[in-house]
Amino acid sequence: MPTSVTVVEHPLIQHKLTLMRRTEASSSTFRALLKEISHLLAYEVTRDLPLKDVEIETPLTKMMAPMLDGKKLCLVSILRAGNGLLEGILELIPSARVGHIGLYRDPETLEAVEYYYKMPSELDQRLVIAVDPMLATANSSVAAISRLKEGGARNIRFLCLLAAPEGIEAFHRAHPDVPIYTAAVDECLNDHSYIVPGLGDAGDRIYGTR
Ligand code: PRP
Ligand code: URA
């Protein structure tokens with residue numbers, strides 16, 4: 001089964017992404033735009049969540065009305081840039097549980113190095129949405145999803161802002177069962193495995209580090 005890739009082409013997302021890519025966007029502008037985009041991406045990644053009818057009373061009458069069904073879903077931020085996406089999604093789904101995986105990409109080997117892992121209980125019974133703005137070589141996202149599977153997660157989605165074709169291919173080989181949601185698929189990776197045209201280092205741009 002091939003990985004499904006959903007490119008969320010909503011005009012507001014595409015416009016905001018263009019503003020984010022520009023070198024002159026400050027960290028505060030970059031963060032604000034990422035948060036706005038995360039609301040719109042959250043809308044798409046949760047589009048098919050199951051509902052159940054519950055009885056409520058309006059000021060006029062009783063009615064059966066839909067509410068989200070099943071165990072509370074789990075958002076997983078791949079630190080640190082994942083936090084830039086997490087915040088906005090959590091505003092839309094405030095009851096979600098939140099897990100964190102700390103990973104950084106070793107600049108020499110490009111391998112993902114784990115430094116933190118904390119998850120809510122009963123991952124196996126939750127929809128797990130892992131978030132990280134960048135899918136470049138996919139080393140980080142593949143490692144994160146593998147850890148989530150080791151932790152029992154069975155129903156996982158991966159949400160990012162930008163993906164490289166090479167990363168999608170590698171992700172597909174490792175986790176063909178995990179659908180990808182992204183705002184754009186860029187051209188390629190450069191010699192340092194940065195996404196081109198891309199937006200640079202997402203974590204640095206969010207937090208103003210270099
Ligand atoms: C960035 C990004 C991804 C990873 C993508 O994180 O947020 O996690 O690189 O690259 P990959 O697909 O080639 O693994 P980084 O390692 O810079 O850490 P940070 O989030 O702490 O800045
Ligand atoms: N990580 C980033 O933050 N940006 C890239 O282009 C590649 C990896």
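# Two ligands, a small sheet and some backbone exceptions

User: What makes the pair formed by a backbone N or O atom of Ala202 and an oxygen atom of ligand 2 a polar contact?

Analyst: In this predicted model, a backbone N or O atom of Ala202 lies 2.8 Å from an oxygen atom of ligand 2. The cut-off for a pair of N or O atoms is 3.5 Å, so the pair counts as a polar contact. A backbone atom of Ile195, again N or O, is 2.8 Å from an oxygen atom of ligand 2. For Gly200, a backbone N or O atom is 2.8 Å from a nitrogen atom of the ligand. These two distances also fall within 3.5 Å, so both pairs are polar contacts.

User: How much of the accessible area of ligand 2 does the protein cover?

Analyst: On its own ligand 2 has 240 Å² of accessible area, and the protein covers 88% of it. The space that ligand 2 takes is the largest pocket.

User: Which residues surround ligand 2, and how do they divide by class?

Analyst: The shell includes Arg105, Met134, Ala136, Ser193 and Tyr194. Ile195, Gly200, Asp201 and Ala202 are also in the shell. By class there are 5 nonpolar, 2 polar and 2 charged residues. Gly counts as polar, so Gly200 belongs with Ser193 in the polar class. Arg and Asp count as charged, so Arg105 and Asp201 make up the charged part.

User: What makes Asp132 and Ser140 polar contacts of ligand 1?

Analyst: A side-chain N or O atom of Asp132 is 2.4 Å from an oxygen atom of ligand 1. For Ser140 the distance from a side-chain N or O atom to an oxygen atom of the ligand is 2.5 Å. Arg105 takes part through its backbone, with an N or O atom 2.7 Å from an oxygen atom of ligand 1. The limit is 3.5 Å, so each of these pairs is a polar contact. Alone, ligand 1 exposes 500 Å², and the protein buries 91% of that.

User: Which elements give two or more residues to the shell around ligand 1?

Analyst: They are β5 (97-105), β8 and α4 (139-150). The shell holds 15 residues, with Arg105, Asp132, Thr137, Ala138 and Ser140 as the closest. Its classes are 7 nonpolar, 4 polar and 4 charged. The space taken by ligand 1 is the largest pocket.

User: Why are β8 and β12 said to stand at the edges?

Analyst: The sheet is open, has 3 strands in the order β8-β10-β12, and pairs in the parallel sense. β8 (134-135) and β12 (184-185) each have a single partner strand, so one side of each has no neighbour in the sheet.

User: How do you know that β10 and β12 pair?

Analyst: There are 2 bridges between β10 (residues 162-163) and β12, in the parallel sense. Pairing needs at least two bridges, so these strands count as paired. Within the pair, Leu162 stands opposite Ala184 in β12.

User: Why is the bond from Leu79 to Arg80 called cis?

Analyst: Its omega is near 0 degrees, and the bond is cis. Arg80 is in the loop between β4 (74-79) and α3 (82-92). Another cis peptide bond joins Val196 and Pro197, with omega about 0 degrees. Pro197 is in the loop between β14 (195-196) and α6 (202-207). Most peptide bonds are trans.

User: What is the phi of Leu110?

Analyst: The phi of Leu110 is positive, about 70 degrees, although the residue is not a glycine. Most residues other than glycine have a negative phi. Leu110 lies in the loop between β5 and β6 (112-118).

Key. Residues numbered from 1 in each chain as written. Chains lettered and ligands numbered in written order. Predicted model: local features only at pLDDT ≥ 70, side-chain atom pairs only at ≥ 80, totals over all residues. Heavy atoms only, no water. Near = heavy atom within 4 Å. Polar contact = N/O pair within 3.5 Å; in protein donor to acceptor, adjacent residues only side chain to side chain. Areas by Shrake-Rupley, 256 points an atom, 1.4 Å probe, with all protein chains shown as cover. 1 Å grid on protein atoms, 1.4 Å probe; cavity = no way out; pocket = protein on both sides within 12 Å on 5 of 7 lines; lining within 4 Å. Sits in = over half its atoms within 2 Å of the grid points. Helix = DSSP H or I, 4+ residues; strand = E, 2+ residues; numbered from the N terminus.
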